[in-house]
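I opened the notebook to record what I looked up, one topic per entry. The structure comes next.

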Amino acid sequence: MTSATLAGLVGAALVGLGLYGLIANPQPLRKILAFNLMGSGIFLVFGIVARKGAAAGLQADPVPQAMVITGIVVAFAASALAVALVLRLFEDTGQATLNPDAWTKPPDGGAGAE
Amino acid sequence: MTAGASAIAATAGGSLLPLAILLPALGVLMSLLLGGRRAEWIALGLMPVEFAVAVAIACLVWRSGQPLVYTLAGYTPPLGIALRADGFSAVMLITAGLIAPAAALYARANFATPPETEKRAPLVFWTLLQGIQAALSLVFLGGDLFNLYVGLELLTFAAVPLVSLDGRPETVAAALRYLLFALFGSVFYLLGVALLYGAYGTLDIALLAPLVRPEPAVWLAAGLMTAGLLAKTALFPLHLWLPPAHANAPAAASAVLSGLVVKGSFFLVVRLWFDVLATLPGVIPGTILAALGSAAILSGSVLALRQARLKLLIAYSTVAQIGYLFLMFPLATGPWAADAFSGGIMQALSHAFAKAAMFLSAGLIAESLGHDRIAGLSGAARALPVTFLALGLGGLSLMGLPPSGGFAAKWLLMKASIEAGQWVWAVVMAAGGLLAGGYLYRVLAPALSGESPQLKKAPARSRESVALALALVALLLAFAPPSFFTFLQIGRPAAGVALQ
Amino acid sequence: MSVLQALDIGLAFLVFAVAAWTIFAPGAFAATVGYVVYGLLLSLVWIRLFAVDVALTEAAIGSGVTGVLLIGAAARLRAAETAGREKSLSGLSRLLVAVLCVLVALALAGVVLLLPDQGPSLAPQSMQHLPETGLGNPVTAVLIAYRAFDTMLEKVVLVLAVVGVWSLAADRYWGGAPGEARAQRPEPTLAFLAQILAPLGILVGIHVFWVGADAPGGAFQGGAILAAMWIIVMMARLTEAPQTKAFWLRLALVAGPVVFLAAGVAGAIFAGGFFAYPPGFAKPAILFIEAFMVLSIAVTLPMLVAGPPRREPRR
């Protein structure tokens with residue numbers, strides 16, 4: 001088993017782990033962590049694709065590598081925006097929860113002033 | 001091979017395509033740099049130019065009968081990136097080019113900047129509105145799957161902060177939930193892109209289409225990318241984020257979010273299945289998508305019936321109307337395919353205009369009455385006639401009553417589904433229309449009777465006119481000539497080419 | 001089994017174990033620290049995949065700057081955790097979700113195993129066009145030449161992220177500065193670290209950017225190192241974050257994408273196509289664009305970490 005295949009399998013496992021964390025963990029910060037994990041697993045899948053594309057004297061195809069670099073930067077920006085939202089939520093309400101009961105007004109809510 | 005070569009060769013007038021993306025992008029950068037009132041001026045000043053570019057692109061596509069193509073940086077795909085405008089792209093560009101300025105004109109009253117200072121909400125609004133325009137242009141014109149991923153991220157980053165713009169905790173939570181769903185969608189889409197590149201070594205849509213075979217990597221990529229895009233389009237069961245997000249955003253933002261932003265990811269689902277994966281046997285995936293769409297129509301409409309607030313009702317109506325869009329997928333091959341395709345696009349267009357009109361009207365109602373409780377709307381139509389006219393005409397299109405774009409869309413889809421023998425979709429559409437009538441009656445009936453309430457402030461005539469104009473466009477779509485439907489077919493692979 | 005193979009297997013296990021810790025650890029702070037460790041291990045994996053540019057980016061941005069962001073957030077949210085009114089998923093739902101995730105992972109693993117040893121690749125074409133760009137690093141060529149449009153738009157994404165983060169300030173703080181004010185007596189250890197590390201880091205960052213034209217490195221990696229140095233100096237409270245209304249700050253934020261966009265338009269006028277480079281002039285143009293990109297990245301990343309303005313604007 002080459003190192004590339006091993007990395008690809010680890011990537012697949014990380015995608016599964018990250019997806020579980022994103023869906024199952026109720027705290028928003030843990031969801032953000034899980035999203036980052038998932039993202040890095042997907043980048044590893046790009047990595048194995050790049051390694052399998054070794055040709056023309058290069059050890060790895062440069063195009064997927066460039067895509068991963070772009071993806072890492074975008075994932076960081078997404079994390080920053082998400083963290084800012086979570087912290088603002090915490091500052092305003094003292095809790096950081098997406099619990100829908102706390103935020104969706106009940107269907108017959110009378111206090112629905114705009 | 002010649003078809004592939006001509007698909008990637010640049011065409012005359014193709015330079016308009018990067019311009020459609022770069023103009024609003026430049027607007028974003030200049031708005032942040034120069035700040036204050038200049039952000040609003042830059043946004044309003046660039047919008048007519050961007051609309052002109054969209055119209056010019058449509059004219060060139062119509063005149064040549066071929067999609068417009070442009071290769072960037074002088075490198076042809078697969079190494080470089082291409083932009084491509086077919087009939088569907090051009091029509092969506094024009095739609096965005098009309099709705100965004102309408103929302104902008106409406107929003108001038110909400111997001112005015114006093115001279116000499118810079119306020120938070122106006123600067124953020126004008127900058128992000130242009131960001132949405134740049135992102136949508138990229139989504140509609142992109143010919144490379146990774147470039148489209150960047151477009152999806154651009155769209156998400158521009159749309160999410162608009163939801164939390166007024167800073168109330170409910171809106172911040174809604175924005176966070178929207179962001180998490182959208183990020184889930186992005187990473188799933190990206191994973192599919194990785195698999196497709198691994199299989200074929202290119203991400204250019206025109207180059208991929210003839211290479212795609214029904215192998216495991218492709219099926220997994222198709223499933224992942226579709227699931228991701230469905231989360232962004234808020235199709236049942238991934239729709240939970242939409243109602244709180246769209247209902248609590250400022251009215252102009254809701255109009256753009258419901259009217260345009262969700263259509264962006266829907267556009268990519270169509271691109272994926274009709275262009276990239278056209279050779280895959282699409283019956284089962286199409287049926288699954290239509291089944292989810294049917295569930296969306298029924299559940300969204302029933303939930304809309306139970307809402308107490310007008311904006312939430314309109315948001316749940318968006319969930320339902322998005323379901324109609326996916327009824328075109330199982331009808332994609334056969335002699336009825338052109339009708340189904342036209343019906344789906346017409347639904348996207350008429351919903352965009354009608355929903356934007358309804359959200360702008362709801363915004364005016366909320367500002368004039370001080371609330372948007374449906375229970376408190378009795379007699380409001382006497383006090384706000386133009387506003388309720390816009391709301392009602394938009395609702396007409398949603399119900400699918402003639403004459404309206406919504407009627408034309410549903411007529412085409414029903415015709416296609418009955419001809420194809422898949423009459424279950426026609427039944428769902430009929431039920432959806434009835435339910436839509438139900439929730440609109442809930443709003444309009446009390447508004448038209450009873451005593452006219454006291455208005456906190458009268459709405460500006462110009463803002464009412466903007467909402468009314470959008471609703472009228474949704475109606476006028478019913479009178480689209482047959483050449484309009486021919487135009488939509490420009491760039492489609494020959495009908496019925498998919499394997500069955 | 002050779003040493004390298006043993007290393008690979010050990011690394012794979014370690015990465016998976018730390019990732020599992022990040023997901024299942026009881027406290028958010030512990031999970032976040034685990035994530036930083038995971039990121040550094042991942043950089044080693046990237047080196048084993050012969051993708052050194054990516055390894056640098058993962059270490060600098062994926063693990064480094066993201067780690068600072070998340071650790072800061074976890075520390076501030078500690079109070080929320082103890083007051084947690086979270087509604088956890090029921091046991092049955094968790095099981096269903098776990099089954100779904102395992103299925104996705106297995107399907108992905110299956111496809112990965114089916115990948116042919118020599119897959120389709122754009123490496124030959126990249127190398128073929130490399131001389132025109134004057135560069136020696138094909139990854140940089142992909143980023144700034146062949147797929148320049150992607151990279152330019154990604155810089156616009158970063159600008160939108162800054163606007164989004166700033167939008168979460170209260171109205172009265174708009175235009176003010178994020179973070180805390182400069183300390184009268186900064187904490188000595190942190191201040192010492194900042195004073196020693198920052199000048200060195202700036203040199204290293206500029207070098208990594210400059211050398212990226214021909215060797216692994218580039219604008220993103222170099223810019224991230226410079227950003228990290230500014231973050232350290234701000235964390236040590238030797239300096240305070242700038243006011244968000246400051247014109248120089250906004251100019252620095254947009255300079256990268258604006259120069260890139262202008263170069264793209266200039267390409268349409270002088271080189272026959274948007275984002276094309278005139279032959280023979282490509283490398284100077286690329287370095288010129290990258291220099292402004294480094295400036296923007298070095299300013300954008302710390303602003304994203306610092307968060308929305310929290311102090312009233314002066315003047």
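How many residues of chain B are in contact with how many residues of chain C? I noted first that this is a predicted model. In it, I found 45 residues of chain B in contact with 48 residues of chain C.

Entry on the chain B side. I looked up which helices of chain B supply this contact. Those that each give at least two residues to the side touching chain C are α2 (16–34), α5 (120–141), α6 (145–163), α7 and α9 (216–233). I wrote down α6(B) as the one that gives the most, with nine residues. I then sorted this side of chain B by class and got 31 nonpolar, ten polar and four charged residues.

Entry on chains A and C. The contact between them takes 71 residues from chain A and 82 residues from chain C. On the side of chain A, the elements that give two or more residues are α1 (3–24), α2 (28–52) and α3 (62–93) of chain A. I noted α3(A) for the largest share of that side, 22 residues. The classes on the chain A side are 47 nonpolar, 19 polar and five charged residues.

Entry on the core. I looked up the largest nonpolar core and found 387 residues in it. The members that touch the most other members are A:Leu81, B:Ile99, B:Leu154, B:Val256 and B:Leu470. Helix α7 (residues 169–200) of chain B gives the most to this core, with 23 residues. Chain C takes part too, since the core draws at least three residues from each of domain 1 (1–76) and domain 2 (127–315) of that chain.

I picked A:Leu81 for a closer look. What does A:Leu81 touch, leaving out residues up to four places away in sequence? From chain B, I listed B:Phe157, B:Val160 and B:Leu179. From chain C, I listed C:Ala161, C:Gly164 and C:Val165.

Entry on the domains of chain C. Chain C is divided into domain 1 (1–76) and domain 2 (127–315). I read 24 Å between their C-alpha centres. Ten residues of domain 1 are in contact with 13 residues of domain 2. The side of domain 1 that touches domain 2 has seven nonpolar residues, two polar and one charged.

Entry on confidence. Chain A averages a pLDDT of 85, and 85% of the residues score at least 70. Over residues 103–114 of chain A, pLDDT stays under 50. For that stretch, I noted that the model has 21 contacts beyond four places in sequence.

Key:
Residues numbered from 1 in each chain as written. Chains lettered and ligands numbered in written order. Predicted model: local features only at pLDDT ≥ 70, side-chain atom pairs only at ≥ 80, totals over all residues. Core = buried A, V, L, I, M, F, W, Y, C linked by C-beta atoms within 7 Å. Buried ≥ 20, exposed ≤ 12 C-beta atoms within 10 Å, placed from the backbone. Helix = DSSP H or I, 4+ residues; strand = E, 2+ residues; numbered from the N terminus. Domains from an automatic or database assignment. Contact = placed C-beta atoms within 7 Å. Nonpolar A, V, L, I, M, F, W, Y, C, P; charged D, E, K, R; others polar. pLDDT = per-residue confidence, 0-100.
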